[in-house]
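Colleague: Hey, got a minute to walk me through this one? I'd like to start with the overall dimensions.

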Amino acid sequence: MRSSPTGRRWAGQLRTMLASLPPARGLLPLVLLLVAWQLIQGGPSPYFPGPAQWWKATEALFDREHLLAAFGATTATFLEGLALAIVLGTALGVLVGISRAAARALQPLLEFMRAIPPPVTVPVATLLIGYGTGMKLTVVVLSGLWPILLNAASAVRQIDPLLLDVAHSFRLTAWQRMNRIILPAIVPSLLIGIRIAIPLAIVVTLLVEMLTSLPGIGALMIRSQRNYQSSEVYALLVLVGLFGFVVNDLFAVVEGVIMRRWPPRE
Amino acid sequence: MPERRRLLHRINWPGLSTIALAFLLWEMLLRAGFAQYQNLPAPSAIAGGLVEIAASGQLLTDTLHTLRSVLVGWGAALVAGIVLGLLLGVSRTLRRYCLASIEVLRPMPGIAFAPVALLLFGFSLQMELMVIILPALWPVLINTMGAVMGVHARLFEVGRTFRLSRGEILRKIMLPAALPGVLVGARLSLTLALVLAIVAEMVGNPAGLGYAVVREQQAMRPELVFAYVVAIGALGVILNEVLTGAVARLFPAASGRLREAA
């Protein structure tokens, strides 16, 4: 079967990314650390259970605690929250950025909203909305919204006014102007905003699960810790680490494809 | 006199009045009974809450605790990050044998360390510091390493021509050239340290501003929750301004990159 051009582009991007990864022998210190850990303290321990114990704990979690369901809940919240933050942040950012007066008037308010560390939204949302999936999603959206919004707004303000004049003389509709001129021009800044938003959204997703025991990996982590199941705590730490790693690398691939489609203009 | 006029001119009046207007609208809607959120306090109640915690001294105690944790954790992350970043930036062999490990560990969400830290240290300051230091290390390390690698090779040749010792090359050539990068990392790391201190105080160490927000939420004192949120936001803004101000004064040449990186 012939692969589509899009498929080829993604495959090519994946290859360039794999080639740019640091050499695998760089994993040596990490592997040595784990091996030494296993040799010195292989058995169960309340503080430093050996890596082999983590594996056993993962299997137990898998059978007993529906690990996959918890992972699904966390991933779904994270992805939905991030997607909403991207859509809302871009839309509001363009609206704010398109008018110089609006941008200047709203800037201090938005900057203050961004300065508030996102974890703080969790108790506030609990107070106003109460426990529930709606509240979980709201705090994740709010954590990622501000960096995306502010980056979009400042990128719109930097668009060459000539381009907008051209759009005007060609009598482009608002929709065409958005699609053909504004969006392509702000893509690089949007990607930077999203890159900042991703770790914040992950942290807030896990935090809201820890604080409210809504189903998810965060809730599992805090419960294992409260029950002093140390091997489970380490097992979940590794799993969350892998989650962060995969999200990070997938976004790098997406970013590469998008940047090639809409290269930044000078 | 022109100095003062420029200052007056630089203040963003429309921006400030927008904030004032938003507060006024919020207050009026609540007074008129339009907004039916049970736990949403009016701005006047929040201001009252701020006065209350400031007068009782609780705000000062909580702020000092958080500030101390942030500064100690950030300081430790800075020292470790700069030393490791310098080593990795200088030695290609070290990079070859460590970089992949760093790339695996770096995207680990900081909050994931909280349960392990609780396991090891219980509800304590050590727990809070562990949650702050580990994630705050990466921005400093990566930016320092990148900055050292970006120092032009000719600068080293100049150093050798002048027969500088290794220590002198480090002190007189490498550090100044790498400084802007190091400062960018330091700033990112400071923001991160505050976020993580709040997280650690919410789930672990029962002290400081992060714990105060959760405490007042459980006590159903919405006006105090919002008062603490305002205080945390203000602390973030002040820390950031102090750092950029100090950099602009101490290293004027390096401060341009810092503003760009915001």
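Modeller: Sure. For chain B the radius of gyration is 23 Å, whereas a compact globule of 262 residues would come in near 18 Å. Keep in mind that this is a predicted model.

Colleague: OK, and what box do the C-alpha atoms of chain B fill?

Modeller: Roughly 75 × 60 × 30 Å, if you take it along the principal axes.

Colleague: Switching to secondary structure, how many helices and strands does chain B have?

Modeller: Chain B has twelve helices and zero strands. Going along the sequence, the pattern is just α-α-α-α-α-α-α-α-α-α-α-α.

Colleague: And how much of chain B counts as buried?

Modeller: 41% of its 262 residues. As for contacts within chain B, take those with a separation of 6 or more: 72% of them join residues 24 or more positions apart.

Colleague: Now the other chain. How many residues do chain A and chain B each bring to the contact?

Modeller: Chain A puts in 48 residues and chain B puts in 45.

Colleague: Which elements of chain A give two or more residues to that side?

Modeller: They are helix 2 (28-40), helix 5 (100-115), helix 6 (121-129), helix 9 (174-212), helix 10 (217-226) and helix 11 (230-261) of chain A. Helix 11 of chain A has the largest share of the side touching chain B, with nine residues.

Colleague: How do the residues on that side of chain A divide into nonpolar, polar and charged?

Modeller: On the side of chain A that touches chain B, 37 are nonpolar, nine are polar and two are charged.

Methods:
Residues numbered from 1 in each chain as written. Chains lettered and ligands numbered in written order. Predicted model: local features only at pLDDT ≥ 70, side-chain atom pairs only at ≥ 80, totals over all residues. Helix = DSSP H or I, 4+ residues; strand = E, 2+ residues; numbered from the N terminus. Rg over C-alpha atoms; globule rule 2.2 N^0.38 Å. Buried ≥ 20, exposed ≤ 12 C-beta atoms within 10 Å, placed from the backbone. Contact = placed C-beta atoms within 7 Å. Nonpolar A, V, L, I, M, F, W, Y, C, P; charged D, E, K, R; others polar.
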